[in-house]
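Trainee: Before we talk about any part of this protein, please put it on the screen. I will then ask what the terms mean.

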Amino acid sequence: MLSAGRTTLIALTALAPVSWGTTYAVTTEFLPPDRPLFTGLARALPAGLLLLALARVLPRGAWWWKAAVLGALNIGAFFPLLFLSAYRLPGGMAAVVGSVGPLFVVGLSALLLGQRPTTRAVLTGVVAAFGVSLVVLKAAGGLDALGALAALASAASMSTGTVLTKRWGRPEGVGPLALTGWQLTAGGLLIAPVALLVEGAPPALDGAAVGGYLYLALANTAVAYWLWFRGIGRLSATQVTFLGPLSPLTAAVVGWAALGETLTPVQLIGMALAFGATVAGQRAPRATTGTSAVPFSSPSRNGRKDSMDLTGPGLRR
């Protein structure tokens, strides 16, 4: 049974993939076509600079290269691949192909966090992937190979970044706001020269495009990623990643409600399976030995690092 504080934390973290599920509709309906790199840049860099200005904390020591690595995995590679898949696949399909993310995280957690894969975690990941695949069965005939490969690669990149974020934690005295700002800025700076070389100058933007980019940069990125990395600090990597199926489910619902797409009985069954797997994935894993047992740390009054409480009081920043 989850405590009220833990349930609230999970619900807030879940707002991130729910928000990301709207990315596909915004991209295809409001943004300039065939500009995945510029779109990733416009989403990441303004949000990162805003969070840096709010946090007013820069990396120190080894955290310069750690922030660069996390920024490359979670943002710099993930965003362009995500938008490439969004441009080439139907709204829900791009996120559906990425539904293998929980399985990636289960495997990477064994390698990097010392968490042995459990039968329950593997089965839950398989059910989640199967469920969301049912959502897109009707569109399988139009599957674009490059778009599907980009979606798969984006899931692998984000999964690796999630596990490394959990493994490395945060520097003493640094909150999730600053950590998010570091990654978004590093990722945006990585995308910028590639976008300029590949796509050239930024496109002309109308009012709808400006509004779409503002939404993506603020609500969809700055706020959503802050909630996501905050959740990684207080939940296990597998718990967080099992919230991922909420993204394709949201994309499918938005496609049905706003874009006139239909949902068949098979797709509804798939949505129920995926949502059930998401709920099942929130059961806290048993304590294990290894690096997975090391939580994020925060400074104590005597200068030592104290483990952050993972129960209700730990929700307070």
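Mentor: Start with Thr-23, which touches Arg-43, Phe-83, Leu-216 and Asn-220, leaving out residues up to four places away in sequence. The model is predicted, with local features needing pLDDT of at least 70 and side-chain atom pairs pLDDT 80 or more, while totals for chains, interfaces and linings use all residues. Residues are numbered from 1 along each chain as its sequence is written, and side-chain values use heavy atoms, without hydrogens or water.

Trainee: What makes a pair of residues count as touching?

Mentor: Contact means heavy atoms within 4.5 Å.

Trainee: Is Thr-23 buried or exposed, and how do you know?

Mentor: Thr-23 has 1% relative accessibility, so Thr-23 counts as buried. The scale is this: buried is under 20% relative accessible area, exposed is over 50%, and partly exposed is in between, with a 1.4 Å probe and protein chains only. Thr-23 sits in helix H2.

Trainee: Which backbone atom lies 2.8 Å from a polar atom of the Thr-23 side chain?

Mentor: The backbone oxygen of Trp-20.

Trainee: What makes a stretch of chain a helix or a strand?

Mentor: Both are DSSP runs numbered from the N terminus: H or I over at least four residues for a helix, E over at least two for a strand. The protein chain has 14 helices and two strands. Of its 317 residues, 53% count as buried.

Trainee: How many salt bridges does a search of the whole structure find?

Mentor: One. Glu-199 pairs with Arg-35, with the closest N and O atoms 3.3 Å apart. This pair links distant parts of the chain, with Glu-199 in helix H10 (residues 176-199) and Arg-35 in the loop between helix H2 (23-30) and H3, 164 residues apart.

Trainee: Why is the pair of Glu-199 and Arg-35 called a salt bridge?

Mentor: The term asks for a side-chain nitrogen of Lys or Arg within 4 Å of a carboxyl oxygen of Asp or Glu. The distance for Glu-199 and Arg-35 is 3.3 Å, so the pair qualifies. Both residues are buried. Side chains of opposite charge can pair when their charged atoms come close.

Trainee: What makes a group of residues a nonpolar core?

Mentor: A nonpolar core is a set of buried Ala, Val, Leu, Ile, Met, Phe, Trp, Tyr and Cys residues, joined through side-chain atoms within 4.5 Å. The largest one here has 43 residues, and Trp-20, Phe-79, Trp-182, Tyr-225 and Trp-228 touch the most other members. H3 gives the most to this core, with eight residues. Apart from it lies another core of seven residues, among them Phe-38, Ala-42, Phe-83 and Leu-216. In soluble globular proteins, nonpolar side chains tend to be buried together.

Trainee: Which residues does Phe-79 touch, apart from those up to four places away in sequence?

Mentor: Gly-40, Arg-43, Ala-44, Asn-74, Ile-191, Thr-221 and Tyr-225.

Trainee: Which residues form the nonpolar patch on the surface?

Mentor: Leu-50, Leu-54, Leu-205, Val-210, Leu-214 and Leu-218, with about 510 Å² of accessible area together (Shrake-Rupley method with a 1.4 Å probe; for residues, only the protein chains shown count as cover). H11 gives the most to the patch, with three residues.

Trainee: What makes Leu-218 fit for a patch?

Mentor: Patches take residues with over 30% relative accessible area and no salt bridge, joining like charges within 9 Å and nonpolar side chains (Val, Leu, Ile, Met, Phe, Trp, Tyr) within 5 Å. Leu-218, in helix H11, has 42% relative accessibility and therefore counts as partly exposed. That value is over the 30% limit for a patch.

Trainee: How do you know where Leu-205 belongs on the scale from buried to exposed?

Mentor: Leu-205 has a relative accessible area of 38%, so Leu-205 is partly exposed. Its place is in the loop between H10 and H11. Beyond four places in sequence, Leu-205 is in contact with Pro-32, Phe-38, Val-210 and Tyr-213.

Trainee: What is notable in the phi of Asp-34?

Mentor: Phi of Asp-34 is near 60°, a positive value in a residue other than glycine. Most residues other than glycine have a negative phi. Asp-34 is in the loop between H2 and H3, and counts as exposed because its relative accessibility is 59%.

Definitions and conventions:
A polar contact is a pair of N or O atoms within 3.5 Å; within protein, one must be able to donate a hydrogen and the other to accept it, and residues adjacent in sequence count only if both atoms are side-chain atoms.
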